[in-house]
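Here's a quick tour of the model, written for someone who likes to know which cut-off sits behind which word. Have a look at the sequence and coordinates first, then read on.

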Amino acid sequence: MAELIQRAWRYAEQAAPITAQSAAGRRFAAFGAGSLIAFPAGSVYGERWIEVGSDSMFAAGVTLCAGMAPGHDLGPSPVLRVGDRCVIGRGSHIVAHHSLDIGHDVYTGPYVYITDQNHSYADPDTPIGSQWPVNSAVSIGAGSWLGTGAIILPGAIIGRNVVVAAGAVVRGKIPDRCVVAGVPARVVRQYEPSNGWSRPADSVPGLLASPAPEP
């Protein structure tokens, strides 16, 4: 019986991913050729407001959703856009309500969390979970890498070819071609054409500089 179950599971892994040709793939606003969401997927809903580029891969257990719950009307245009040739690690969660853009060639480790919405706590007498959430657009530049367990908060604008270290919590603006780490994330290395990758001498606007770890 155990062997039969394992064989059936392996068959499902090969036969049941979401692709551009599948009925589930056709529910998306766009789902590019060569892209797939592996079986078993996490929560996937709001497909009408999600665009996926070509040759992108979402590992098993990835949540990819738009809106509060299935059936939430988000208007006429997609709010979640994933570029070409992206790889999203196992168990990651990408949750959009307003505007969340992931550029081409973005890779993530497992269990990364990206969202453009957070709860408000303006009223100190009302339970936070009951207060209306606040949206702020998120974008992740092409060629970036997000390490295992990274959290990308609402309002984060990450540049191109950025490394986000494992476990980092990112908010605010991150410049191109840098490495960020910590909670909140700080620039620990940055690329300068004159001397290559180096430790930042000064704080980057909106971020705190800190010494880079030795290789």
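The chain's accessible surface is about 11,200 Å², and 56% of that belongs to carbon and sulfur atoms; areas come from the Shrake-Rupley method with a 1.4 Å probe, and for residues only the protein chains shown count as cover. Keep in mind that this is a predicted model: local features need pLDDT of at least 70, side-chain atom pairs count only at pLDDT 80 or more, and totals for chains, interfaces and linings use all residues. Residues are numbered from 1 along each chain as its sequence is written, and side-chain values use heavy atoms, with hydrogens and water left out.

**Overall picture**

Buried residues account for 43% of the 215 residues in the chain. Here buried means under 20% relative accessible area, exposed means over 50%, and partly exposed is in between (1.4 Å probe, protein chains only). Along the principal axes, the C-alpha atoms fill a box of roughly 60 × 45 × 35 Å. The radius of gyration is 19 Å, which agrees with the value near 17 Å for a compact globule of 215 residues; the radius is taken over C-alpha atoms, and the globule rule is 2.2 Å times the number of residues to the power 0.38.

As for secondary structure, the chain has one helix and 25 strands. These are DSSP runs numbered from the N terminus: H or I with at least four residues for helices, E with at least two for strands. Of the contacts between residues at least 6 apart in sequence, 29% join residues at least 24 apart, a contact being heavy atoms within 4.5 Å.

**The sheet**

Seven strands make an open sheet with parallel pairing, in the order 2-5-8-11-16-19-22. Strand 2 and strand 22 (173-174) are the edges, each pairing on one side only. Two strands pair if DSSP finds at least two bridges between them. Strand 2 and strand 5 run parallel and are joined by two bridges, and A30 stands opposite E51 in strand 5.

**Salt bridges**

How many salt bridges does the structure hold? There are three, each being a side-chain nitrogen of Lys or Arg within 4 Å of a carboxyl oxygen of Asp or Glu. Side chains of opposite charge can pair when their charged atoms come close.

| Pair | Closest N to O |
|---|---|
| E47 and R27 | 3.8 Å |
| D101 and R81 | 2.5 Å |
| R85 and D105 | 2.8 Å |

Start with E47 and R27, which form a salt bridge. E47 is in the loop between strand 4 (44-45) and strand 5 (50-52), and R27 is in the loop between strand 1 (18-19) and strand 2 (30-31), so the pair ties together parts 20 residues apart in sequence. E47 counts as buried, at 13% relative accessibility.

D101 and R81 make another salt bridge. D101 belongs to strand 11 (residues 100-102) and R81 to strand 8 (residues 80-82), so this pair, too, ties together parts that are 20 residues apart in sequence. Both residues are partly exposed, D101 with a relative accessible area of 27% and R81 with 21%.

Then come R85 and D105, whose side chains meet in a salt bridge. The two are 20 residues apart, with R85 in the loop between strand 8 and strand 9 (87-88) and D105 in the loop between strand 11 and strand 12 (107-108). R85 is partly exposed at 38%, and D105 is partly exposed at 30%.

**Backbone oddities**

R85 turns up again here: its phi is positive, about 60°, although it is not a glycine. Y111 also has a positive phi, near 60°, in a residue other than glycine. Y111 sits in the loop between strand 12 and strand 13 (113-115) and is exposed, with a relative accessible area of 51%.

Where are the cis peptide bonds? One runs from F39 to P40, with omega near -5°, and P40 is in the loop between strand 3 (36-37) and strand 4. Another joins V183 and P184, with omega about -5°; P184 is in the loop between strand 23 and strand 24.

**Two loop residues**

G182 is in the loop between strand 23 (178-181) and strand 24 (186-192) and counts as partly exposed at 33% relative accessibility. Not counting residues up to four places away in sequence, G182 touches A168 and V169.

A166 lies in the loop between strand 20 (163-164) and strand 21 (169-170) and is exposed, with a relative accessible area of 58%. Leaving aside neighbours within four places in sequence, A166 is in contact with G147 and T148. A166 and P110 are 56 residues apart in sequence, and their C-alpha atoms are 9.7 Å apart in space.
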